[in-house]
Amino acid sequence: MNESVISVRNLRFAYEDKLVMDKVNFDINKGDFVGIIGPNGSGKSTLLKLMLKILEPQGGEIALLNQSIRQFTDWAHIGYVSQKANAFNGSFPATVEEVVGSNLYSQIGPFRFPKREHKLQVYEALKKVGMEAYKDRLIGNLSGGQQQRVFIASALVSQPQILFLDEPTVGIDAKSEEQLYCLLAKINQEYGLTIVMVTHDVGAVTVHANRVLCLGEEGFVDHLPGDGL
């Protein structure tokens, strides 16, 4: 039986007088790999931000892990790689281990050094993305594709139940892009992690994802495997 981890009912959102989405309904089940696609300005990133409570809807309901998002506080179980990760300041003097470990700040506490278990969590997250050998490298000395893997590890280090990504392949080359899709598919399959990703790459996402949510002029369409696009 499918277990819903995200439920959206009659979602409505507008920027001032521009209606972006109306009466949007869907469920995302545990273990799904979902791609959100659509032309520029269709509301892809907006939908993601609504599910993350970065934006507030004008109507409808969103539930995360069976809790209304209005009361939801369990953000440690939600991983997020934003578009801003792509614009990371490469001159920032931090190692890969430090970047990933920074997402354990709430566990470690202020003005304290990470313990052995925290370092192990960081290592395991880096291992999931194939970057454990780079833990002592400066983040600025990595390629764009390698940096993006580190940001994904940073989102995975708290062992979330859902991973959200907003255009994670922007700014990286085609080879690294395909490798990133394969990596996400591997993480989804091996660990049963639910992944929700905004992307512009229709071809790649239809190969690797098992669900595609399409936003466009015709409104909202939920594609299942075999539907075709």
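Of the 229 residues in this predicted model, 46% count as buried. The accessible surface comes to about 12100 Å², and carbon and sulfur atoms account for 50% of that area. As for secondary structure, the protein has seven helices and ten strands. The chain also makes plenty of long-distance connections: among contacts between residues at least 6 apart in sequence, 66% join residues that are at least 24 apart.

What about the inside? In soluble globular proteins, nonpolar side chains tend to be buried together. Here, the largest nonpolar core has 38 residues. Val100, Val129, Val150, Ile152, Leu163, Leu165 and Leu184 are the ones with the most contacts inside this core. Several elements chip in with two or more residues each, including the helices α2, α4, α5 (144-156), α6 (174-191) and α7 (202-208). The strands β3 (33-37), β7 (162-166) and β8 (194-198) do so as well.

Val129 gives a feel for how this looks from a single residue. Setting aside its neighbours within four places in sequence, Val129 is in contact with Arg149, Ile152, Ala153, Leu156, Leu183 and Ile187. Apart from the core that holds Val129 lies another one, made of 29 residues. Ile36, Leu50, Leu65 and Leu215 are among its members.

Now for the charged residues. Side chains of opposite charge can pair when their charged atoms come close. A search of the whole structure turns up seven salt bridges. In one of them, the side chains of Asp27 and Arg9 meet with an N to O distance of 2.5 Å. Asp27 sits in strand β2 (residues 18-29) and Arg9 in strand β1 (residues 4-15), so this pair ties together parts that are 18 residues apart in sequence. How exposed are the two partners? Asp27 counts as partly exposed, at 26% relative accessibility, and Arg9 is partly exposed too, with a relative accessible area of 35%.

Glu61 and Arg70 form another salt bridge, with their closest N and O atoms 3.4 Å apart. Glu61 is partly exposed at 41% relative accessibility, and Arg70 is partly exposed with a relative accessible area of 44%.

A further salt bridge joins Glu97 to Lys119, where the closest N and O atoms are 3.9 Å apart. This pair links distant parts of the chain, since Glu97 belongs to helix α2 (residues 96-101) and Lys119 to helix α4 (residues 116-128), 22 residues apart. Lys119 itself is partly exposed, with a relative accessible area of 41%. Helices α2 and α4 also appear among the elements that give two or more residues to the 38-residue core.

Definitions and conventions
Residues are numbered from 1 along each chain as its sequence is written. This is a predicted model: local features need pLDDT of at least 70, side-chain atom pairs count only at pLDDT 80 or more; totals for chains, interfaces and linings use all residues. Side-chain values use heavy atoms; hydrogens and water are left out. A salt bridge is a side-chain nitrogen of Lys or Arg within 4 Å of a carboxyl oxygen of Asp or Glu. Helices (H or I, at least four residues) and strands (E, at least two) are DSSP runs, numbered from the N terminus. Buried means under 20% relative accessible area, exposed over 50%, partly exposed in between (1.4 Å probe, protein chains only). A nonpolar core is a set of buried Ala, Val, Leu, Ile, Met, Phe, Trp, Tyr and Cys residues joined through side-chain atoms within 4.5 Å. Contact means heavy atoms within 4.5 Å. Accessible areas come from the Shrake-Rupley method with a 1.4 Å probe; for residues, only the protein chains shown count as cover.
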